[in-house]
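Student: I am new to this structure and would like a close look at a single part of it. Could you take me slowly through one sheet and what surrounds it?

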Amino acid sequence: MLINTQNWKQWLEEAGDMSRFTGRFFSQWFRPRYEITEFFRQCFIVGYRSLPLVGLTGFIMGLVLTMQLRPSLIDYGVESQLPAMVGIAIVREVGPVITALIFAGKIGSSIGAELGSMKVTEQIDAMEVSGTNPFKYLVVTRVLATTLMLPVLVMLGDAISLYGSYLGVNIRGVTSFDLFWTQVFDNLSFGDVVPAFVKSFFFGFAVGIVGCFKGYHSHKGTEGVGRSANSAVVLSSILIFIIDLVAVQVTDILGLN
Amino acid sequence: MESFQTLAVLPDMPVKAGEEVMRITGLYKSFGDNHVLTDFNLGLAAGENVVVLGKSGSGKSVLIKCIIGLLKPDSGRIEVFGKNIPDLGHLELDQVRMKLGFLFQSNALYDSMTVRENLEFPLRRHSIRISQREVDELVQHALDDVGLVHTVDRMPAELSGGMRKRIALARTLILQPSIILYDEPTTGLDPITAKEIIGLMVEIQEKYGSSSLIISHDMTCVRMASDRVVMLIDGKCYADGTYDELKRSADPAIKKFFE
C-alpha cells in the first residue's frame with residue numbers, strides 16, 4: 001500500500017492537537033490574569049532582536065533582486081521602470097514572505113527549543129506549582145508578540161530592502177534618490193500595501209503558535225527538544241506559503257489585485 | 001522560624017505535632033492499559049518524614065504529581081490539610097500549593113532567570129503583598145539556609161549540580177511550606193553531594209518542623225532521611241514501617257532493596 005495509514009493517523013492526530021491548542025489560545029488570551037510585563041519582554045525579544053537579521057537579509061534581497069531584474073528590463077526597453085517594479089515586488093510579496101521565513105527560522109526555532117527545554121526539565125510544571133498559568137505566561141505572550149511584531153518587521157524590512165534596491169539601481173546606472181522614491185511610491189497603491197500588511201499578522205501568528213505547540217508538546221529528552229525546534233521551522237515555513245496562497249486568492253476575490 | 005515572620009500573609013493552616021496533614025485513600029491512576037497506581041493509601045503526620053521507596057517506573061513520580069495537582073488521579077482522595085486536591089479549583093489549589101513545597105527531580109530552575117529571580121518567582125506569582133525589602137530579606141534567608149548567599153546574581157547554568165539542587169530547595173523553602181515533597185532529591189548527584197543534600201533536608205525539617213514526603217530509590221537517602229518508609233510495589237502500598245523494620249523483613253520483594 002502506497003499510503004502509510006499509521007503516518008496519516010499520526011498526522012491527523014497532530015493536526016487535531018494543534019487545533020485544540022489554537023482554540024485554547026483564543027479562549028485564554030483575553031482573560032485575566034494579563035501577563036503584560038512578559039508580553040513586552042517577548043515583544044522586545046522577537047521584535048527588536050530580530051531586526052538586525054531581518055534588516056541585513058532585506059537589504060541584500062533588495063540589492064540582488066534589482067541586479068537580477070535589470071537585464072530582463074533592458075531587453076524589453078523598460079529599464080526606467082526598475083524602481084517601480086522592484087518596489088511592487090518587495091512590498092506585495094517578497095518582503096513579507098522572506099521576512100516571515102527568516103522570522104520562522106530565528107524565532108520559531110527559538111520558541112520551539114526554549115519551551116521544549118522548559119518542558120523536559122519540568123520548568124513548565126514548576127511554573128504551574130508557583131501559582132502561574134504556564135499557558136498564559138509562556139504561550140499567549142509569545143503568540144501575541146510574534147503576531148504583532150512580524151508586521152512591524154515586515155514594514156522595516158521592506159524599507160531597508162528598498163534602500164538595497166536603490167544601491168542596486170545605482171551600481172550600473174544613475175538614478176537620483178528623489179526619483180527612485182518617487183517612482184516607487186507613485187506605482188504603489190492601497191491594494192499593494194494593505195493585503196501584504198494584513199497577511200503579515202497571519203504569518204506571525206502561524207510562527208508563534210507552531211513554535212509554542214511544538215515546544216509545549218516536546219518529549220523524549222534533549223533529542224525531543226532538537227526535534228521540536230526543527231519541526232517548528234519546517235511546519236511554520238509551510239504554513240507561511242499556504243497562508244500566502246490563500247491571501248492571494250482572497251485579495252483577488254476582493255478585487256485588490 | 002524567625003526568618004519567615006514576614007510571610008504572615010500566607011493562608012493559615014495551623015497543625016499540631018503528630019496531627020495528620022495528608023491522607024491518600026484508594027488512589028488509582030492509569031495511562032491507557034498501564035495501571036500505575038491501584039488502590040494506593042498513605043498518611044503523613046505533621047513533622048514526619050516519610051520516604052516512598054520503589055524501583056524506577058513503579059509510579060513514584062506519578063504519585064507525587066497527583067499530590068501536587070499536576071496530574072489528576074482516575075479515582076481516590078488526596079486530602080491535604082483536609083482539602084481533597086482533585087476537587088479543588090485553580091484558586092483553592094494555588095492556596096494549598098503555597099503550603100506544599102515541591103522539589104523537582106530535575107530542579108526545574110528557570111534557565112532565563114538569575115538565582116534571585118528564580119527565588120522571587122513564587123513570591124510574586126502567588127500575589128503575596130509584600131514589599132521589595134521583604135522579598136529581598138526572604139531571598140537572603142532562603143539562600144542562607146542552603147549556604148549559597150553568594151550565588152544570588154548568578155545564572156543556574158553557572159552552578160554545579162549540587163548547587164542547583166540547593167537553589168531549587170531554597171526556592172521551595174521561600175514560601176515556608178508545611179509539607180515538602182521531594183521527587184528523587186539525590187538523582188544525578190555524586191555520593192558526597194547526595195549526602196550533603198540529604199543532610200540539608202533533615203536539617204531543614206528539624207529547623208522548621210515541616211513534614212516531608214520523599215520519593216526515592218536511593219537507600220542512603222532512605223536510611224538518613226526517613227522516619228517511616230512506604231514501599232510502592234505494583235501500584236500499591238506494599239509495606240509500611242521504619243527503615244530498620246523493613247530491613248529485617250524476610251519478604252523477598254522487600255529484601256531486594258536492602259541487599
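Tutor: What follows is a walk through one sheet of chain B and its surroundings. The model is predicted, so local features are described only where pLDDT is at least 70 and side-chain atom pairs count only at pLDDT 80 or more, while totals for chains, interfaces and linings use all residues. Residues are numbered from 1 along each chain as its sequence is written, and chains are lettered from A and ligands numbered from 1 in the order in which they are written.

Chain B has an average pLDDT (the predictor's confidence in each residue, from 0 to 100) of 87, with 93% of its residues scoring at least 70. Residues 1–11 of chain B are below 50, although this stretch has 18 contacts in the model beyond near neighbours in sequence. Where pLDDT is low, the predicted coordinates should not be read in detail.

The sheet itself is open and has four strands in chain B, in the order 2-1-4-5 with antiparallel pairing; strands are DSSP runs of E with at least two residues, helices are runs of H or I with at least four, and both are numbered from the N terminus, while two strands pair if DSSP finds at least two bridges between them. Strand 2 (34–45) and strand 5 (83–84) of chain B each have a single partner strand, so one side of each of these edge strands is left without a neighbour in the sheet. Strand 5 of chain B is joined to strand 4 (residues 75–80) of chain B by two bridges in the antiparallel sense, and B:V80 has B:K83 in strand 5 of chain B as its bridge partner.

Across strand 1 (20–31), strand 2 and strand 4 of chain B lies helix 1 (residues 60–68) of chain B, which runs at about 60° to strand 2 of chain B; this angle, on a scale from 0 to 180 degrees, is taken between the N-to-C directions of lines fitted to C-alpha atoms, for helices over the stretch in contact.

B:V80 is also touched by B:I179, whose other contacts include B:V21, B:M22 and B:L44, not counting residues up to four places away in sequence; a contact here means that C-beta atoms, placed from the backbone, lie within 7 Å. B:I179 and B:L63 are among the residues that touch the most other members of the largest nonpolar core, which has 124 residues. Such a core is a set of buried Ala, Val, Leu, Ile, Met, Phe, Trp, Tyr and Cys residues joined through C-beta atoms within 7 Å, where buried means that 20 or more other C-beta atoms lie within 10 Å of a residue's own. Helix 4 (residues 82–120) of chain A gives the most to this core, with 16 residues.

Definitions and conventions. Two residues are in contact if their C-beta atoms, placed from the backbone, lie within 7 Å. A residue is buried if 20 or more other C-beta atoms lie within 10 Å of its own, exposed if 12 or fewer, and partly exposed in between; C-beta atoms are placed from the backbone.
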